[in-house]
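Me: I have a model open and want to go through it piece by piece. Can we start with the turns and then move on to the sheet, the core and the charged pairs?

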Amino acid sequence: MKKFLIVGLGNIGSQYANTRHNIGFKVLDALAEKEDLKFETQKLGDLTTYRFKGRTFILLKPSTFMNLSGKAVLYWLTKEKIPLENLLIITDDLNLPFGSLRLKTKGSDGGHNGLKDIQDKLQSTKYNRFRFGISDVFSKGRQVDYVLGEWTDEESDKLKERLDKSIELIKSFGTAGISNTMNTFNGK
């Protein structure tokens, strides 16, 4: 049975629950709700397991806070003996329009501190990342307030459909492979 580690980045605590920066948690929560899965608090995060078409998806929401996510990622990759190519990190991206989906197999951290820590702990930039666009409609010097801000009403209205599309992307990643999934979902 093939195993995958799907990591949604976010910050723990109710004050962050509905913020743009927590889209990684939100995507995994949507998948868990749709498939009637329950997260359990374990070492360095909340986890649940999803089985689909002969694959096992371990869903992880690190409890280490966004900027220290690498420790949880490395721990669970090692513990579950999951190869690096079966890792998928879900994160927000300011450089993409709201709701835009982009899957990449490698790259820089793009100034994202969560990805920077993961890259540091894994000693590699070659890991799969699923970037969810949150756009960049904030005034100069207001980036932190924007990413830690809550979704607008207009964004919230469109979020359900984008979350459903994100769930399809995760399932495709495990069943159809990274290349096919990139071709199907990038820019959609």
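**Hairpins, sheet, core and salt bridges**

Reply: Yes. L44 takes a positive phi near 65° in the hairpin of strand 2 and strand 3, which has two residues between the strands. Bear in mind that this is a predicted model.

Me: In what sense do strand 2 and strand 3 pair, and over how many bridges?

Reply: The pairing is antiparallel, over three bridges. Within it, Q42 stands opposite G45 in strand 3.

Me: And which residue has a positive phi in the turn between strand 3 and strand 4?

Reply: K53, with a phi of about 50°. That hairpin has two residues between its strands. Strand 3 covers residues 45-52 and pairs with strand 4 in the antiparallel sense over eight bridges.

Me: What stands opposite Y50 there?

Reply: F57, in strand 4.

Me: OK, zoom out. How many strands are in the sheet, and in what order?

Reply: Seven strands, in the order 2-3-4-1-5-7-6. The sheet is open and its pairing is mixed. Strand 2 (40-42) and strand 6 are the edge strands, each pairing on one side only.

Me: What about the angle between neighbouring strands?

Reply: On average, neighbouring strands of this sheet are turned by 25° against each other, ignoring direction.

Me: Back to the loops. Where does F65 sit?

Reply: In the loop between strand 4 and helix 2, the helix at 69-79.

Me: Is F65 buried or partly exposed?

Reply: Partly exposed, because its relative accessibility is 40%, and buried would need under 20%.

Me: Which residues does F65 touch?

Reply: Leaving out residues up to four places away in sequence, F65 touches G10, N11, I12 and Y16.

Me: How far is F65 from L44, the turn residue?

Reply: Their C-alpha atoms are separated by 9.7 Å, and the two residues are 21 apart along the chain.

Me: Now the core. How many residues are in the largest nonpolar one?

Reply: It has 30 residues. Those with the most contacts inside it are I6, L88, F130, F132 and I170. Several elements supply at least two residues each, including strand 1 (2-8), strand 5 (87-93), strand 7 (128-133) and helix 5. Helix 1 and helix 4 (143-147) are also among them.

Me: What is F130 in contact with?

Reply: Not counting neighbours within four places in sequence, its contacts include L88, I89 and I90, then L101, R102 and L103, and also S166 and L169.

Me: What else is there besides that core?

Reply: Another core lies apart from it, with 19 residues, among them L5, I58, L77 and L122.

Me: Any general reason for nonpolar side chains to end up like that? Or what is the tendency?

Reply: In soluble globular proteins, nonpolar side chains tend to be buried together.

Me: Change of topic: charges. How many salt bridges?

Reply: The count comes to eleven. One of them joins D29 and K61, with the closest N and O atoms 2.6 Å apart. That pair links distant parts of the chain: D29 is in helix 1 (residues 23-34) and K61 is in strand 4 (residues 55-62), 32 residues apart.

Me: Which of these two counts as buried?

Reply: K61, because its relative accessibility is 11%. D29 is partly exposed at 33%.

Me: What about salt bridges within one helix? Where are K158 and E154?

Reply: Both lie in helix 5 (residues 153-175), four residues apart, about one turn of the helix. Their side chains meet in a salt bridge at 3.2 Å, N to O. K158 is partly exposed with a relative accessible area of 43%, while E154 counts as exposed at 53%.

Me: Which residues are joined into a network by salt bridges that share partners?

Reply: D117, D120 and K121. Within it, the side chains of D120 and K121 meet at 3.7 Å, N to O. D120 is partly exposed at 44%, and K121 is partly exposed too, at 33%.

Me: Last one. Is R162 buried or exposed?

Reply: Buried, with 11% relative accessibility. R162 lies in helix 5.

Me: What does the side chain of R162 have a polar atom 2.7 Å from?

Reply: The backbone oxygen of G99. Leaving aside neighbours within four places in sequence, R162 is in contact with G99, L101, F132 and K188.

Technical notes:
Residues numbered from 1 in each chain as written. Predicted model: local features only at pLDDT ≥ 70, side-chain atom pairs only at ≥ 80, totals over all residues. Heavy atoms only, no water. Salt bridge = Lys/Arg side-chain N within 4 Å of Asp/Glu carboxyl O. Buried < 20%, exposed > 50% of the residue type's maximum accessible area, 1.4 Å probe, protein only. Polar contact = N/O pair within 3.5 Å; in protein donor to acceptor, adjacent residues only side chain to side chain. Contact = heavy atoms within 4.5 Å. Core = buried A, V, L, I, M, F, W, Y, C linked by side-chain atoms within 4.5 Å. Pairing = 2+ DSSP bridges. Axes fitted to C-alpha atoms, helices over the stretch in contact; angles between N-to-C directions.
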